[in-house]
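Colleague: Before I set up any calculations, could you take me through the core, the aromatic contacts and the charged pairs? I would like each answer to come with its cut-offs.

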Amino acid sequence: MVNFLVQRTAPLPLDEAWRRLTEWPRHGEVVPLTRVTVTTPPPTHEGTVVVARSGLGPLAFDDRMEVTVWQPPTDDAPGRCRLEKRGRVVTGWAEIEVRPGPGGRSRVIWREELRVRLLPGFFDPLLLRTARYVFGRAANRLLRMP
């Protein structure tokens with residue numbers, strides 16, 4: 001199991017940064033070999049189920065997640081979303097927070113606990129470096145995509 005943190009500052013208003021990070025299918029456009037679908041009716045709310053299918057052919061697996069906290073940003077409060085990872089291969093959780101940043105920008109804080117079943121703890125340092133890279137790159141790309 002690994003825990004990591006990704007932080008970014010984007011030249012976007014809070015609601016736009018939030019939208020870009022929480023339109024779930026967009027994640028499939030920025031994470032290699034991944035397709036993301038939402039299996040519950042819109043809009044996103046507590047109980048929404050998101051499935052990220054990663055890999056190729058028979059080596060693909062589903063990362064099933066459920067939104068357990070859904071608090072879009074308001075004028076008075078930052079936005080916060082928590083997803084519980086409930087797949088057979090990947091477990092843990094992810095939290096995305098969008099808060100006011102310097103100069104009218106948005107500050108994004110992405111925290112994640114990631115566990116890959118059957119992957120020995122020996123691989124945790126590699127998993128940590130890979131996850132930080134992949135999710136940091138995904139956050140950058142999502143925040144740049146209109």
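The exchange below goes through these topics in turn.

Modeller: This is a predicted model, in which local features need pLDDT of at least 70 and side-chain atom pairs count only at pLDDT 80 or more, while totals for chains, interfaces and linings use all residues. Residues are numbered from 1 along each chain as its sequence is written, and side-chain values use heavy atoms, with hydrogens and water left out.

Colleague: Which helix gives the most residues to the largest nonpolar core?

Modeller: A nonpolar core is a set of buried Ala, Val, Leu, Ile, Met, Phe, Trp, Tyr and Cys residues joined through side-chain atoms within 4.5 Å, where buried means under 20% relative accessible area, exposed over 50% and partly exposed in between, with a 1.4 Å probe and protein chains only. The largest such core has 34 residues, of which L21, W24, L83, V98 and W110 touch the most other members. Among the elements that each supply at least two of its residues are strand 1 (2–10), helix 1 (14–22), strand 7 (106–116) and helix 3 (124–144), helices (H or I, at least four residues) and strands (E, at least two) being DSSP runs numbered from the N terminus. The largest contribution, seven residues, comes from helix 3.

Colleague: Is helix 1 largely enclosed or largely open, and how many of its residues are buried?

Modeller: The buried residues of helix 1 are L14, E16, A17, W18, R20, L21 and T22. They pack against helix 2 (25–30), strand 4, strand 5, strand 6, strand 7 and helix 3, with contact taken as heavy atoms within 4.5 Å. Helix 1 is therefore largely enclosed by the rest of the structure, the buried count being seven of the nine residues.

Colleague: Which residues form one aromatic cluster with W110?

Modeller: Leaving aside neighbours within four places in sequence, W110 is in contact with F4, L5, V6, L21, H27, A94, E95, I96, F135 and A139. Rings of Phe, Tyr and Trp (its six-membered ring) pair if their centres lie within 6.5 Å, and planes under 30 degrees apart count as stacked, over 60 as edge-to-face and the rest as tilted. The partners of W110 in the aromatic cluster are F4 and F135.

Colleague: What is the geometry of the aromatic pair of F122 and F123?

Modeller: By the ring rule the count comes to four aromatic pairs. F122 and F123 form one that is edge-to-face, with 5.4 Å centre to centre and 85° between the planes.

Colleague: What is the area of the nonpolar surface patch that includes these two residues?

Modeller: F122 is exposed, with a relative accessible area of 71%, whereas F123, in the loop between strand 7 and helix 3, is partly exposed at 35%. Patches are made of residues with over 30% relative accessible area and no salt bridge, like charges being joined within 9 Å and nonpolar side chains (Val, Leu, Ile, Met, Phe, Trp, Tyr) within 5 Å; accessible areas come from the Shrake-Rupley method with a 1.4 Å probe, and for residues only the protein chains shown count as cover. The patch made by L119, F122, F123 and L126 has an area of about 410 Å².

Colleague: Which residue forms a salt bridge with D63, and how far apart are the closest N and O atoms?

Modeller: A salt bridge is a side-chain nitrogen of Lys or Arg within 4 Å of a carboxyl oxygen of Asp or Glu, and a search of the whole structure finds 14 of them. D63 lies in strand 4 and its partner in strand 5, so the pair ties together parts that are 22 residues apart in sequence. Both residues are buried, and the partner is K85, with the closest N and O atoms 2.8 Å apart.

Colleague: How far apart are the closest N and O atoms of E112 and K85?

Modeller: E112 is buried, with a relative accessible area of 1%, and K85 is buried at 6%. The salt bridge between E112 and K85 has its closest N and O atoms at 3.2 Å.

Colleague: Which residues are joined with R82 and E95 into one network of salt bridges?

Modeller: The side chains of R82 and E95 meet in a salt bridge of 2.6 Å, N to O. R82 lies in strand 5 and E95 in strand 6, so the pair ties together parts that are 13 residues apart in sequence. R82 is buried at 17% relative accessible area, and E95 counts as buried at 10%. Through salt bridges that share partners, the network also takes in R80, E84, E97, R99 and R111.
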